[in-house]
Amino acid sequence: MYNFEYKKAGSVDEAAGIVGADDEAKLLAGGMTYIPTLKQRLAAPTTVVDLNGVGGMDGISADGNGVTVGAMARHAAVAASAEVAAAIPALADLASHIGDPQVRNRGTIGGSIANNDPAADYPAALVGLGATVQTNKRTIAADDFFTGLFETALGQDEIVTAVSFPRAGKAAYMKFPNPASRYAIVGVFVAQAADGVRVAVTGAGPCVFRVAEMEAALAANWSADSVAGLGISADGLNEDIHASAEYRAHLVTVMAKRAVAKAG
Amino acid sequence: MTEQGIGAAVARREDRRFVTGQGHYTDDINRRGQTYACFVRSPHAHATLNGVDTAAAGAMPGVRAIFVGEDMAEVGPLICGWAITDVNGEPFRAPPHPALAIGKVNYAGEAVAVVIADTLEQAKDAAAAVEVDYGLLDAVVDPAQATAGGQPQIHEAAPGNLSFEWALGDKAAVDAVFDGAAHVTSLEFANNRLVPNAMEPRACVAEYDAGSGEHTLHIASQNPHVHRLVMSAFHGLAPEHKLRVVAPDVGGGFGSKIFIYAEEVVLTWAASRVRRPIKWTAERSESFLTDAHGRDHVTTAELALDSDGKFLAMRVDTTANMGAYLSTFASAVPTYLYATLLAGQYTTGGIYCNVKAVFTNTVPVDAYRGAGRPEAAYVVERLVEAAAAETGRDPADLRKTNFVPTDAFPYETPVIMQYDCGDFAGSMDQALDLAGYGGFQARKAESKAGGRLRGIGFSSYIEACGVAPSAAAGSLGAGVGLWESANIRFNPTGNVQLFTGCHSHGQGHETAYAQIVADKLGVPYEQVEVIHGDSSKIPFGMGTYGSRSAAVGGSAIVKAADKVIEKGRKIAAHTLEASEDDIEFAGGNFTVKGTDKAMNIAEVAFTAYVPHNYPEGLEPGLDETAFYDPLNFSFPAGTHICEVEVDPETGSVSIERYAAVDDFGVLINPLIVEGQVHGGIGQGVGQAMLEHAVYDGAGQLVSGSYMDYTMPRADDVPSYDVGFNGVPSPLNPLGVKGCGEAGAIAAPAAVMNAVHDALRDVGVGHIEMPATPLRVWQAIQDAAA
Ligand SMILES: Cc1cc2nc3c(=O)[nH]c(=O)nc-3n(C[C@H](O)[C@H](O)[C@H](O)COP(=O)(O)OP(=O)(O)OC[C@H]3O[C@@H](n4cnc5c(N)ncnc54)[C@H](O)[C@@H]3O)c2cc1C
């Protein structure tokens, strides 16, 4: 690690003030991504602003419209939440398969989506359910939030405060994990979302994306068979030692099919 | 068997310390005035070193010294301790390997300079400021291409990137048998390259006492005396009596901590220059880049059978990747630890093996759990299974047809080994039972109904352990003797300290050795302390690797115990006023034959230290040392049977059942042995399905972190069914054979044979390790196309 100032923020405004005044200041949530980055000297921030002291940022609540998850809610809390399990069981299921117990007990939804790792799980849930991201400044539709590889719509002094997930009909997430990291090689979230059927894919490309053809097919007939014959092009998909682009494209179909079957 | 003697499943006494965080590892050691080393490492796989500018870095805060290769000219280069004579009778090419690179770097991660500073952060800051002028060269990465024309040349001293070509067996005779054979099975495959991944990374703390002139090196080592010997005799860092090497608790080795690496040589040398203790602990990415890797063979193998399925001959051609330099024992691995095991459990008539050991721009490759024997077992057992499939025979039956029969021991193989004993068919039968072989077809049908492919695979491995009879090893090129030492020291109050030259880094010696002493001398188990790992405390010893600690180290303990009993008999005879011949020893008591006159061993010890009434001429004290040189290797063997299920849609393979029956001779502690079997199989499963050290064409390690290098996890392996079929070895006083490597030797072939069996139904003929989902899916696609 390089040396930096450490500040434990007491409020979202205080944290926003610090990062707003200094482009080289960085927020810290669960630290599961950012601390390894610091330890490997891949980042040299001036100040690290710790959000762990901000009260009330980790709440999880449900009402008739859906579930709201505070940005600092840990993956383990979402996985174990009775509210989430009752309102959107697929979301709790997704959270329960992120990383390992240590990661789930530290990592947060805010940190995960702000980081927007192309292989992260949450982006699929946000896009798959048509969620809304709340920040200290505005609300952003999930479709507009994830803009590219490790890129989001967040500004430098913008802090995720919560994510609202509308209730859905049938929904499920299927993940084919990278054997080494257990992130998603391909993860597909399918849902009869509030605004229609959604199919969101993570892991396969540089950023989460939707598959319109599958959404249309499932809207017409919600069954695994409807998507079994639909494929996506391998063009532009990720390639690494674990999966070729063709393999990823193939897995999108398989995971979509299995997700629909799992959703019932 | 007593409650805590030989054969008792005693829980490991060291585990409480380890699992409660009270172990003492090298990185836990801190000295007053300690400084920290950070190595400047080449980011390039192959480059000339045109200059190293340390001026700016040297002026940075806290920096005590920066050294480059030229500064260490007086220090001897790193050595390979096993000389090979090649097919032309010439010595192998072992190019110089300076601890810090001079003139050229040959793999990514090679140390170019070392910065020593007051804090680790300061050392890292300064290391980043060292300016190195590299002249980039093309890299040689693929071992199969390394000796081809037009490849970049790595070492002047090794033309064509060849260290040696070596062969074992009579080629002409074997060729003739192949010409007349009814069936020939032929395979080509790689044995994938692995990163050892000990839980504790390599680490050292070097100190120099200017007053006494003594150097002390604390190091995560499997063999502290070997470190001391090589650092004295070859690097000239200090005479042996002025160099103390201590290997405290060590968190796993798997071979990777046998070797003498650059870092410990540099630190030991530098500590006397900066006159400060220096610490270095590898970061995980340094471990990936610089620990000696394992395996990495490319092989063509053929098996000739007659029309009854008898194995007539085997022909093997292997290219072994040595990496950029020959590491400490690298040359022995693809030769004497490999080709000599190609007979397997079978009566194969003739065997010929040719090995090319080549240099590439990758980190050196050396012994890794099993070292040569997993590669050999993979060759033999893949061939046998393929032959069974090709000739339409049941794989178990084909093996039984060819097993060395129980009445044929001692059995001389065509590849210079003499097997002492075994019951190969018995282990096979027991394994078939354990695996539920009879129910396999029903399980396969059930899988098929669910859209899955099920396969079963066998591995009837044999290995040579108990490394090694010194004279035999020496005649084959070893630079050291491979005996072991033990010192049993009674204290006046009757408890015992056992000093062993073996080293425990996961094996459970503190428990198992105490059981041997308790058993042999009748001392309560709790009163035996096992001490290892400190060259200033223990007699010279060779350390732990090659599953030698029970067969060689344990036998040394028995020999020392025998000496204790002999001396005790004299003391007891004197005290009990009987003749020595009338004294019997059992259960810790010296008894006058036919009487109830007795003296226990604690009383004898007390008398030895307080010799007021004592045999005339007998030395006081009860403190006996023995050195034991084994008569032969020992030959653990067994059959492992693996059952897998493949999801053809994704290519995922899951291991559904795994049965293992091993002959390790006598078990000192079945609980520890079973743990070793579990761990070994886990590593073998890792090799077969998960682990792969992948370099790209430029020589960059692509799988250089756990994000890409897949370690086996609990959910990757099933609950194993483990059984034993021990035939006591007649060649050592304990009848033991060795169990530390068996799982890693047997499992890759068992798993891969099962994967091949499952995929045969969809027309896949060949798949390489690791059988990742991508590879399995791709193979199914290719077969369908
Ligand atoms: C071993 C391991 C396995 C993992 N496996 C998975 C997996 O299977 N699936 C998966 O999805 N993820 C996985 N992760 C990632 C994990 O989910 C992390 O929690 C996540 O990437 C980051 O969350 P965090 O709270 O730790 O954020 P941090 O590491 O603290 O921060 C990450 C980034 O987000 C920024 N940030 C944090 N909070 C906010 C906020 N409220 N507003 C704006 N910016 C913010 C930070 O400045 C930083 O740039 C894994 C991580 C590890 C270490």
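**Chains A and B: cavity and interface**

The lining of the largest cavity is made up of 13 nonpolar, five polar and five charged residues. That cavity encloses about 210 Å³ of space, and the structure, a predicted model, holds six cavities of 30 Å³ or more. Here is a quick tour of the cavity, then of the place where chain B meets chain A.

**The largest cavity**

- Counting every residue of the lining gives 23.
- Closest to the centre of the largest cavity are Leu78(B), His97(B), Tyr107(B), Tyr261(B) and Ala262(B).

**Size of the interface**

- On the chain B side 22 residues are in contact, and they meet 23 residues of chain A.
- About 1900 Å² is buried between the two chains, with carbon and sulfur atoms giving 50% of that area.
- Three residues stand out on chain B: Glu649(B), Leu774(B) and Trp777(B) supply 30% of the area that chain B buries against chain A, more than any other three residues.

**Polar and charged links**

- Seven salt bridges are found across the interface of chain B and chain A.
- Arg41(A) and Asp125(B) form a salt bridge, and their closest N and O atoms are 2.8 Å apart.
- The interface also has 14 residue pairs in polar contact, counting pairs with both residues at pLDDT 80 or more.

**What chain B brings to the interface**

- Two elements of chain B, α3 (120-129) and α18 (773-784), each give two or more residues to the side that touches chain A.
- The largest share of that side, four residues, comes from α18(B).
- By class, the side of chain B that touches chain A has nine charged, eight nonpolar and five polar residues.

Conventions
Residues numbered from 1 in each chain as written. Chains lettered and ligands numbered in written order. Predicted model: local features only at pLDDT ≥ 70, side-chain atom pairs only at ≥ 80, totals over all residues. Heavy atoms only, no water. Contact = heavy atoms within 4.5 Å. Buried area = accessible area lost by both parts, 1.4 Å probe. Salt bridge = Lys/Arg side-chain N within 4 Å of Asp/Glu carboxyl O. Polar contact = N/O pair within 3.5 Å; in protein donor to acceptor, adjacent residues only side chain to side chain. Nonpolar A, V, L, I, M, F, W, Y, C, P; charged D, E, K, R; others polar. 1 Å grid on protein atoms, 1.4 Å probe; cavity = no way out; pocket = protein on both sides within 12 Å on 5 of 7 lines; lining within 4 Å. Points joined across faces, edges and corners; volume = space filled by probe spheres on them.
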